[in-house]
Amino acid sequence: MICPSEDLEVTRAALTEHIRLSRAEPGCLSFDVTETAPGEFSVSERFVDRAAFDAHQTRTRASEWWRVTSHMPRHFEITEE
């Protein structure tokens, strides 16, 4: 995810709770976010199955995190084992 510099403070402030809530979700095996460069966030997440991932996506769309970051570009790949 790419965060504009003017949104960095609010994004970083919302990140801790987003990580906590995501890790507490049923079916979450791991959820890590790293700021690889200022305003550039890398997310690595694993869920037990597609249903758990879909539930995560639904929850986040109703969260403070989404309110703060929904306008930010995301580049991701979903893989299933």
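**Exercise 1. Contacts of Val-33 and the nonpolar core**

Which residues is Val-33 in contact with, leaving aside its neighbours within four places in sequence? Place Val-33 in the largest nonpolar core.

*Solution.*
Step 1. With neighbours within four places in sequence left aside, Val-33 is in contact with Leu-15, Ile-19, Phe-41, Ser-42 and Val-43. The model is predicted.

Step 2. The largest nonpolar core holds 16 residues, and those with the most contacts inside it are Leu-15, Val-33 and Phe-41.

Step 3. Two or more residues of this core come from each of helix 1 (8–23), strand 1, strand 2, helix 2 and helix 3. Helix 1 gives the most, namely four residues.

**Exercise 2. Leu-15**

Is Leu-15 buried or exposed? Describe its position and contacts.

*Solution.*
Step 1. Leu-15 belongs to helix 1.

Step 2. Its relative accessible area is 12%. Buried means under 20%, so Leu-15 is buried.

Step 3. Not counting residues up to four places away in sequence, Leu-15 touches Val-33, Phe-41 and Trp-65. The contact with Val-33 also appears in the list for Val-33.

Step 4. Met-1 lies 14 residues from Leu-15 along the chain, and the C-alpha atoms of the two are separated by 12 Å.

**Exercise 3. Ser-42 and Pro-38**

Assign Ser-42 and Pro-38 to their elements, then to an accessibility class.

*Solution.*
Step 1. Ser-42 is in strand 2, whereas Pro-38 is in the loop between strand 1 and strand 2.

Step 2. Ser-42 has 37% relative accessibility and therefore counts as partly exposed. For Pro-38 the relative accessible area is 74%, so this residue is exposed.

Step 3. Beyond residues up to four places away in sequence, Ser-42 touches Asp-32, Val-33, Thr-34 and Thr-36. On the same basis of counting, Pro-38 touches Leu-8 and Arg-12.

Step 4. From C-alpha to C-alpha, Ser-42 and His-75 are 9.5 Å apart in space, with their positions 33 residues apart in sequence. Pro-38 and Ser-5 are 33 residues apart in sequence and 8.0 Å apart by C-alpha atoms.

**Exercise 4. Thr-69 and Thr-79**

Where does Thr-69 lie, and where is the place of Thr-79? Classify each by accessibility.

*Solution.*
Step 1. Thr-69 is part of helix 3; Thr-79 is found in the segment after helix 3.

Step 2. Thr-69 counts as buried because its relative accessibility is 0%. Thr-79 counts as exposed because its relative accessibility is 59%.

Step 3. The side chain of Thr-69 reaches the backbone oxygen of Trp-65 at 2.8 Å. Neighbours within four places in sequence aside, Thr-69 is in contact with Met-1, Thr-11 and Arg-74.

Step 4. Thr-79 and Arg-50 are 29 residues apart in sequence, and their C-alpha atoms are 9.8 Å apart.

**Exercise 5. The largest pocket**

What is the volume of the largest pocket, and how many residues line it? Break the lining down by element and by class.

*Solution.*
Step 1. The volume is about 880 Å³.

Step 2. The lining has 30 residues, and nearest the centre of the pocket lie Glu-45, Phe-47, Phe-53, Glu-77 and Ile-78.

Step 3. At least two lining residues each are supplied by strand 1 (28–37), strand 2 (40–47), helix 2 (50–61) and helix 3 (64–69). Strand 2 supplies the largest share, seven residues.

Step 4. Sorted by class, the lining consists of 13 nonpolar, eight polar and nine charged residues.

Methods
Residues are numbered from 1 along each chain as its sequence is written. This is a predicted model: local features need pLDDT of at least 70, side-chain atom pairs count only at pLDDT 80 or more; totals for chains, interfaces and linings use all residues. Side-chain values use heavy atoms; hydrogens and water are left out. On a 1 Å grid over the protein atoms alone, a cavity is a set of points where a 1.4 Å probe fits but cannot get out, and a pocket is an open set with protein on both sides within 12 Å along at least five of seven lines; lining residues have an atom within 4 Å of a point. Grid points are joined across faces, edges and corners, and a volume is the space filled by probe spheres set on the points. Ala, Val, Leu, Ile, Met, Phe, Trp, Tyr, Cys and Pro count as nonpolar, Asp, Glu, Lys and Arg as charged, and the others, Gly among them, as polar. Buried means under 20% relative accessible area, exposed over 50%, partly exposed in between (1.4 Å probe, protein chains only). A polar contact is a pair of N or O atoms within 3.5 Å; within protein, one must be able to donate a hydrogen and the other to accept it, and residues adjacent in sequence count only if both atoms are side-chain atoms. Contact means heavy atoms within 4.5 Å. A nonpolar core is a set of buried Ala, Val, Leu, Ile, Met, Phe, Trp, Tyr and Cys residues joined through side-chain atoms within 4.5 Å.
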